[in-house]
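User: Hey, I've got a protein model open and I'd like someone to walk me through it. Can we just chat about it?
Analyst: Sure, put it up and ask away.

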Amino acid sequence: MRWLALRSWDWIQVEITTRCTAECAYCPRTVYRSVWRSRDMDPATFRRLVPAFRKAGLVFLQGWGEPLLHPDFFSLVRLAKGAGCREGTTANGMLLDEEAVRALLDGGLDVVAFSLAGADAYHDGVRRGTALAKVLEGMERLAAERLRRGLGRPAIHVAYMLLRSGVESCARLPELLRRVPVDAVVVSTLDFVPAADLRAESLRLEPEALAAARRLLEELGRRALPVYHYLGGGRRVRCAENPYRAVFVTVDGSVAPCVYLGLPVAEPVKVYDIPAGRFHAPVIFGNIGERTLTEVWRGRDYRSFRRALKRGTLPEPCRFCLKVEGPAGR
């Protein structure tokens with residue numbers, strides 16, 4: 001109970017790289033490639049976060065890139081784990097060979113999520129540069145080694161991107177996952193729309209399609225698949241990214257309220273959560289190279305931002321965001 005009283009954040013999300021082996025059709029990194037900043041987090045920057053990790057319920061090593069590409073990934077895992085926190089990551093599954101699996105288990109990660117966007121050939125079409133068969137091999141390899149060692153962790157999750165054109169493919173998930181002991185399937189929709197032609201893929205923009213997707217996921221849950229989703233329907237203004245109790249640290253140590261407000265782009269970009277699109281730029285409240293994470297979090301401007309969200313008076317960058325649920329906003 002004393003630990004809970006001292007906890008400052010439900011989770012800290014740390015972007016350790018903005019590089020990736022994939023070119024997913026819906027990803028900002030693919031669409032904004034001409035202004036994208038590809039880099040790895042300096043381990044010295046990561047070490048500055050260790051005191052804050054002790055005050056977090058979870059540290060999640062993932063941002064707009066493939067975490068396992070960081071040359072010091074496993075050293076960073078050990079650093080965070082040494083702070084005594086729960087720790088997780090999301091991978092695209094293409095780099096999980098036997099050596100990587102052993103290192104993941106040695107590092108003591110609590111959660112490893114695998115990115116999917118389909119349960120058949122559809123996946124490979126939208127997540128270009130990945131292969132569903134290889135992702136499944138990585139999942140099976142991790143599950144087998146976990147069993148061999150007699151460990152209860154890491155939990156194996158599926159981070160599933162549900163696009164409007166992929167609903168039929170999603171219905172095949174139970175059959176696909178029979179061969180892998182998955183602990184949870186966490187479903188997201190396309191809530192950040194980086195190109196006009198991707199608006200058709202956002203279930204949030206079509207209430208009837210969203211309701212049908214919600215019914216599908218409920219049916220999958222009744223078939224003993226552990227499905228979790230945040231498809232809205234609430235009356236109270238709230239944000240699925242939990243900026244009231246969570247924080248995102250970008251690859252260069254900048255502090256943003258969420259991953260969407262911390263895009264590693266060299267100039268403002270267009271986002272199409274409204275038909276005509278709008279310009280979108282990072283919203284940064286400080287950098288851990290200059291102040292501690294706690295000091296940035298307690299800064300006047302950052303506190304004002306969170307208070308506005310709680311009141312339902314949405315700050316400008318959040319006004320049209322599809323992650324925000326409730327009667328306020330667009």
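**Cavities first**

Analyst: Let me start with the second largest cavity: by class, its lining has seven nonpolar, one polar and one charged residues. Keep in mind that this is a predicted model.

User: How much space lies in that second largest cavity?
Analyst: About 40 Å³.

User: And which residues line the second largest cavity?
Analyst: Trp-11, Gln-13, Glu-241, Ala-246, Val-247, Phe-248, Pro-257, Cys-258 and Val-259 line it. Strands S1 (11-14) and S11 (246-249) are the elements that each give two or more residues to that lining.

User: Which element gives the most to it?
Analyst: That's S11, with three residues.

User: OK, how many cavities of 30 Å³ or more are there in the whole structure?
Analyst: A search of the whole structure turns up two. The largest has a volume of about 130 Å³.

User: What lines the largest one?
Analyst: There are 18 lining residues, and the ones nearest the centre are Cys-258, Tyr-260, Leu-261, Pro-317 and Cys-321. Strand S14 (278-280) and helix H13 (300-311) are the elements giving two or more residues to this lining. Sorted by class, the lining has 14 nonpolar residues, one polar and three charged.

User: Now the open spaces. What's the volume of the largest pocket?
Analyst: The largest pocket holds about 1,400 Å³ of space. Its lining takes in 48 residues, with Gln-13, Gln-62, Thr-90, Ala-159 and Ser-188 nearest the centre. You've met Gln-13 already, since that residue is also in the lining of the second largest cavity.

User: Which strand gives the largest share of the pocket lining?
Analyst: Strand S8 (residues 184-189) does, with five residues. As for classes, the pocket lining splits into 28 nonpolar, twelve polar and eight charged residues.

User: Switching to helices. Which residues of H6 are buried?
Analyst: H6 runs over residues 98-107, and its buried residues are Ala-100, Val-101, Leu-104, Leu-105 and Gly-107. Looking down the axis of H6, those buried residues fall within an arc of 160 degrees, so they line one face of the helix.

User: Why would residues three or four places apart point the same way?
Analyst: Because an α-helix has 3.6 residues a turn.

User: Neat. What's on the face of H6 turned away from the buried side?
Analyst: That face carries Glu-98, Glu-99 and Asp-106, which are exposed.

User: And what covers the buried residues of H6?
Analyst: The cover includes helix H5 (73-82), strand S5 (111-116) and helix H8 (132-149). Right after H6 comes Gly-108, with a positive phi near 80 degrees.

User: Speaking of phi, what about Asn-242?
Analyst: Asn-242 has a positive phi too, near 55 degrees, and it's a residue other than glycine. You'll find Asn-242 in the loop between strand S10 (238-239) and S11.

User: Is Asn-242 buried or exposed?
Analyst: Buried, because its relative accessibility is 13% and the cut-off for buried is under 20%.

User: Where is there a cis peptide bond?
Analyst: Between Arg-153 and Pro-154, where omega is about 0 degrees. Pro-154 sits in the loop between H8 and strand S7 (155-162).

User: How many disulfides does the structure hold?
Analyst: Zero. Take Cys-170: the nearest cysteine sulfur belongs to Cys-24 and is 16 Å away. Cys-170 is also buried, at a relative accessible area of 0%. Another buried cysteine is Cys-85, at 4% relative accessibility.

User: Remind me what a disulfide is?
Analyst: It's a covalent bond between the sulfur atoms of two cysteines.

User: Last stop, what is Tyr-122 in contact with?
Analyst: Leaving aside neighbours within four places in sequence, Tyr-122 contacts Ala-117, Leu-163, Ser-165, Gly-166, Ser-169 and Glu-201. Tyr-122 belongs to helix H7 (residues 121-126).

User: And Gly-221, which helix does it lie in?
Analyst: Helix H11, residues 207-222. Gly-221 is partly exposed, with a relative accessible area of 34%. Gly-221 and Val-185 are 36 residues apart in sequence, and their C-alpha atoms are 9.7 Å apart in space.

Notes. Residues are numbered from 1 along each chain as its sequence is written. This is a predicted model: local features need pLDDT of at least 70, side-chain atom pairs count only at pLDDT 80 or more; totals for chains, interfaces and linings use all residues. Side-chain values use heavy atoms; hydrogens and water are left out. Buried means under 20% relative accessible area, exposed over 50%, partly exposed in between (1.4 Å probe, protein chains only). Helices (H or I, at least four residues) and strands (E, at least two) are DSSP runs, numbered from the N terminus. The arc is that of the directions from the helix axis to the C-beta atoms. Contact means heavy atoms within 4.5 Å. A disulfide is a pair of cysteine sulfur atoms within 2.5 Å. On a 1 Å grid over the protein atoms alone, a cavity is a set of points where a 1.4 Å probe fits but cannot get out, and a pocket is an open set with protein on both sides within 12 Å along at least five of seven lines; lining residues have an atom within 4 Å of a point. Grid points are joined across faces, edges and corners, and a volume is the space filled by probe spheres set on the points. Ala, Val, Leu, Ile, Met, Phe, Trp, Tyr, Cys and Pro count as nonpolar, Asp, Glu, Lys and Arg as charged, and the others, Gly among them, as polar.
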